[in-house]
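I opened this model to follow a few strands, some unusual backbone spots and the charged side chains. My notes are in the order in which I looked things up.

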Amino acid sequence: MSAPTAHCAADAAGTVVFELVGAPGPPAAASELVLRRRGDRTPVDEVRLPLTGRRAVLDHGTALAEGRWDIVHVAEGGEREEEPVRPGNRDVRALVDRVPGAGPVTVRVPYPTADARLALRCWVRAPHAEAGTIHLADGAMTVRGVLYGAEPGHGATAEVRRSVGPRESATAPRTHRVPVTCGAGGDFTFTLPYAVLAEPPVTARQLWDLWVLPAHGASAVRLARILDDVWDRKNVYVYPAHRADGWLAAPCYSGDNNLRVRLDPAD
C-alpha cells in the first residue's frame, strides 16, 4: 500500500488542518492521524487526531510539548495498519511575521523531513525572546529583538554561555554579559563584541548560546527566532564571519532556531 499524502494549513493561533489526498477509496471508518514526539521517552508522547472523511484537525488548544513530531496514518481494519504520511501542499503563510497573544508563545510548523515524510516542529516558550535584525560591524554583533511574557527593565543584560562539547571538561563553560537597551513594547537591543569570547586562544570550534535577562535578578530567557515558517535555520541563515588574529566569529542558529555565536580557528 502506498503511503498517503496530506495537504496541511497552519494558522497563527496554532491550529493545523490536515487533508488526505491521493489514496484510493475512502479512509477506513476507524482511521486517524497519530502524532508522535521524537526522542527516547517512555511512554512515547502521542496525540491522536480522528479523521472525518479525509480531514483531521489539530486544534490550537491541544497541548503539544516542544520538539519534533512525526505524523503517521493509522487505520483499524482486519488488522491495524500504520503508514507514514507524505507531505503535500503546506500553507504556512499565516505564520510569517506573526505577533503572539497573551500566554506562552506556541509555534507549530509542518515541514517535510529529509526522508520525504510529513512532520511538525513545535515550540512552547514562556517567556520568549524573539531575535530580529542582526547588524554586523567593527568586530561585534548588534541584535534587536522583542520580549514576550516579560518586560525588559532596569539592569537588563544579555548573557552568552559557552556550550560544552562531549570531550570538554566541566570547567570549560564560561559566561559573559553585556548591557541591554530597552524600548517600548518589549523591544530590546544589545551589542556583543566577539573579542570577549576569544580568550583563551581559539584552538577548536566553540559555540556560545545567547540569553536575555529582562531585569536585574530576573531569570534568563533563551534568545531564538521562531515566529515565522522556518522550521530549521541552522543551514539557511548564514552570516559573514569576522576575522581577527587567530580566530573567526559569526552569528548562527542551532537546529532548534536558537541564536548562537560560532568561533573557529582562523586556519
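**Sheet with β5 and β2**

I began with strand β2, residues 16–21, which pairs with β5 in the antiparallel sense over 4 bridges. I keep in mind throughout that this is a predicted model. Looking for a residue pair across these two strands, I found Glu 19 opposite Arg 55, the latter in β5.

I then traced the sheet as a whole, and noted that it is open, has 4 strands in the order β5-β2-β1-β8, and shows mixed pairing. The edges are held by β5 (55–58) and β8 (86–91), and because each has a single partner strand, one side of each is left without a neighbour in the sheet. I also looked up the twist, and with direction ignored, neighbouring strands of this sheet are turned by 25° against each other on average.

**Backbone spots**

Next I went through the loops for backbone geometry. In the loop between β10 (118–125) and β11 (128–137) I came to Pro 127, and the peptide bond that leads into this residue from Ala 126 is cis, with omega near -5°.

I then turned to Asp 97, which has a positive phi of about 55° although this residue is not a glycine. Asp 97 belongs to the loop between β8 and β9 (105–112). Is Asp 97 buried or exposed? With a relative accessible area of 66%, I wrote Asp 97 down as exposed, since the cut-off for that class is over 50%.

Asn 257 also has a positive phi, here about 70°, and again the residue is not a glycine. I placed Asn 257 in the loop between β20 (247–253) and β21 (259–265). Asn 257 has a relative accessible area of 0%, so I entered this residue as buried.

**His 73**

I looked at His 73 in strand β6, which covers residues 67–76. Its relative accessibility is 8%, and buried means under 20%, so His 73 counts as buried. What does the side chain of His 73 meet in a polar contact? I found the side chain of Ser 31, at 2.6 Å. Leaving out residues up to four places away in sequence, I listed the residues that His 73 touches, among them Pro 4, Leu 20, Leu 33, Leu 51 and Val 85, as well as Glu 32, Glu 81, Glu 82 and Glu 83.

**Arg 108**

Arg 108, in strand β9, took me longer, as I wanted to know which groups its side chain meets. I noted that Arg 108 is buried yet has no salt bridge, and that the nearest side chain of opposite charge, that of Asp 59, is 6.9 Å away. The backbone oxygen of Asp 59, however, is reached by the side chain of Arg 108 at 3.1 Å. I found a further backbone oxygen, that of Thr 62, 2.4 Å from a polar atom of the Arg 108 side chain.

**Salt bridges**

I closed with the salt bridges, of which the structure holds 19. One of them joins the side chains of Arg 205 and Asp 264, N to O at 2.7 Å. This pair links distant parts of the chain, as Arg 205 sits in the loop between β16 (187–193) and β17 (206–213) and Asp 264 in strand β21, 59 residues apart. I checked the accessibility of both partners, and Arg 205 is exposed, with a relative accessible area of 53%, whereas Asp 264 is buried, at 15%.

Which residue forms a salt bridge with Arg 260? I found Asp 209, with the closest N and O atoms 2.7 Å apart. Here too the pair links distant parts of the chain, with Arg 260 in strand β21 and Asp 209 in strand β17, 51 residues apart. Both Arg 260 and Asp 209 are buried.

I returned to Asp 264 and saw that Arg 262 forms a salt bridge with this residue, the closest N and O atoms being 3.3 Å apart. Arg 262 is partly exposed, with a relative accessible area of 23%.

My last entry is a network of salt bridges that links Glu 32, Arg 36, Glu 46, Arg 48 and Glu 82. Two names there were already in my notes, as Glu 32 and Glu 82 are among the residues that His 73 touches.

Notes:
Residues numbered from 1 in each chain as written. Predicted model: local features only at pLDDT ≥ 70, side-chain atom pairs only at ≥ 80, totals over all residues. Heavy atoms only, no water. Pairing = 2+ DSSP bridges. Axes fitted to C-alpha atoms, helices over the stretch in contact; angles between N-to-C directions. Buried < 20%, exposed > 50% of the residue type's maximum accessible area, 1.4 Å probe, protein only. Polar contact = N/O pair within 3.5 Å; in protein donor to acceptor, adjacent residues only side chain to side chain. Contact = heavy atoms within 4.5 Å. Lys, Arg positive; Asp, Glu negative; His and termini not counted. Salt bridge = Lys/Arg side-chain N within 4 Å of Asp/Glu carboxyl O.
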